[in-house]
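Visitor: I am new to this structure and would be grateful for a close look at a single part of it. Please begin with one pairing of side chains and work outwards from there.

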Amino acid sequence: EKTCRRGGEVKQADISHTIKSHLENLSDLSPIAEENAAFDADPPYLIFEMVPVSRSSSNDGSGGKFHKGFAQITIVYELHTYAHPSQDEADRIADHFPKALEISGVDGKVTIAEEPFIGQGRRVGHEWHQVMTIDYEAI
């Protein structure tokens, strides 16, 4: 098991980097827009957002924290191109993050807690947004 460099505690930025890096390993992936980063591209592209849900003391004796949350990925396509392309991309991403997958990160380990959830697509302005979530646990 990996030893954490920061006093036994994985940080939220480490979790985000670990999940995003694993996502970027997929071939033929649309460009990724990150939170609070400059991005200028026409669809298709992905919006990558992290949603922390809880942070508590771990039970492994390390003195670190146990994190739960989810990565929300919005797959953006042009309107009137049908839903299939965004659904296909969501399926490929979901297959890349199976339940119980363990990903070693900068300062700890991220585990995919559940099978990714692919939600309902919807029109947003002149775009089609297909939202999906990837639940994680990290220590």
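**A salt-bridge network and its surroundings**

Guide: Glu24 and Lys20 form a salt bridge, in which the closest N and O atoms are 2.4 Å apart. The model is a predicted one, and the distances below are to be read in that light.

The two partners belong to helix H1, where they are 4 residues apart, which means that about one helical turn separates them. An α-helix has 3.6 residues a turn, so residues three or four places apart point the same way. The partners are not alike in their exposure: Lys20 is buried, at 11% relative accessible area, whereas Glu24 is partly exposed, at 42%.

Lys20 has a further partner. Its side chain meets that of Glu34 in a salt bridge of 3.3 Å, N to O. Since Lys20 is in helix H1 and Glu34 is in strand S1 (residues 32-34), this pair ties together parts that are 14 residues apart in sequence. Glu34 is partly exposed, with a relative accessible area of 38%. Lys20, Glu24 and Glu34 are thereby linked in a network of salt bridges.

The helix that carries two members of this network deserves a description of its own. H1 has 13 residues, and its first and last C-alpha atoms are 18 Å apart, close to the 18 Å expected at 1.5 Å a residue. Lys20 is one of the buried residues of H1, together with Asp14, Ile15, Ser16, Thr18, Ile19, His22 and Leu23. Beyond H1, in the loop between H1 and S1, lies Asp28. Its phi is positive, about 55°, although Asp28 is not a glycine. Most residues other than glycine have a negative phi, and most peptide bonds are trans. Asp28 counts as exposed, at 71% relative accessibility.

H1 is also one of the elements against which the buried residues of helix H2 pack; the others are strand S2 (45-57), strand S3 (65-78), strand S6 (117-118) and strand S8 (127-138). H2 likewise has 13 residues and reaches 18 Å from its first C-alpha to its last, close to the 18 Å expected at 1.5 Å a residue. Its buried residues are Ser86, Glu89, Ala90, Ile93, Ala94 and His96. These residues cover an arc of only 155° around the axis, and they therefore lie on the same side of H2. His84 and Asp95, on the other side of H2, are exposed.

Among the buried residues of H2, Glu89 offers a contrast with the network described above. Glu89 is placed in helix H2 (residues 84-96). Although buried, Glu89 has no salt bridge, and the nearest side chain of opposite charge, that of Arg92, is 4.6 Å away. A salt bridge requires a side-chain nitrogen of Lys or Arg within 4 Å of a carboxyl oxygen of Asp or Glu, so the distance to Arg92 does not qualify. Glu89 does have a polar contact of 3.0 Å with Tyr77, side chain to side chain. Leaving aside residues up to four places away in sequence, Glu89 touches Leu29, Ser30, Leu46, Ile75 and Tyr77. Ahead of H2, in the loop between S3 and H2, lies Tyr82. Tyr82 has a phi near 70°, a positive value in a residue other than glycine, and at 68% relative accessibility Tyr82 counts as exposed.

To return to the salt bridges, the count comes to 4. One of them joins Lys99 and Glu114, with the closest N and O atoms 3.9 Å apart. Lys99 is in the loop between H2 and strand S4 (102-104), and Glu114 is in the loop between strand S5 (109-112) and S6, so this pair ties together parts that are 15 residues apart in sequence. Lys99 counts as partly exposed, at 44% relative accessibility, and Glu114 is partly exposed as well, with a relative accessible area of 39%.

One last feature concerns the chain between S1, the strand of Glu34, and S2. Pro44 lies in the loop between these strands. The peptide bond that joins Pro43 and Pro44 is cis, with an omega of about 5°.

Note on methods
Residues are numbered from 1 along each chain as its sequence is written. This is a predicted model: local features need pLDDT of at least 70, side-chain atom pairs count only at pLDDT 80 or more; totals for chains, interfaces and linings use all residues. Side-chain values use heavy atoms; hydrogens and water are left out. Buried means under 20% relative accessible area, exposed over 50%, partly exposed in between (1.4 Å probe, protein chains only). Lys and Arg count as positive and Asp and Glu as negative; His and the chain ends are not counted. A polar contact is a pair of N or O atoms within 3.5 Å; within protein, one must be able to donate a hydrogen and the other to accept it, and residues adjacent in sequence count only if both atoms are side-chain atoms. Contact means heavy atoms within 4.5 Å. The expected span of a helix is 1.5 Å times one less than its number of residues. The arc is that of the directions from the helix axis to the C-beta atoms.
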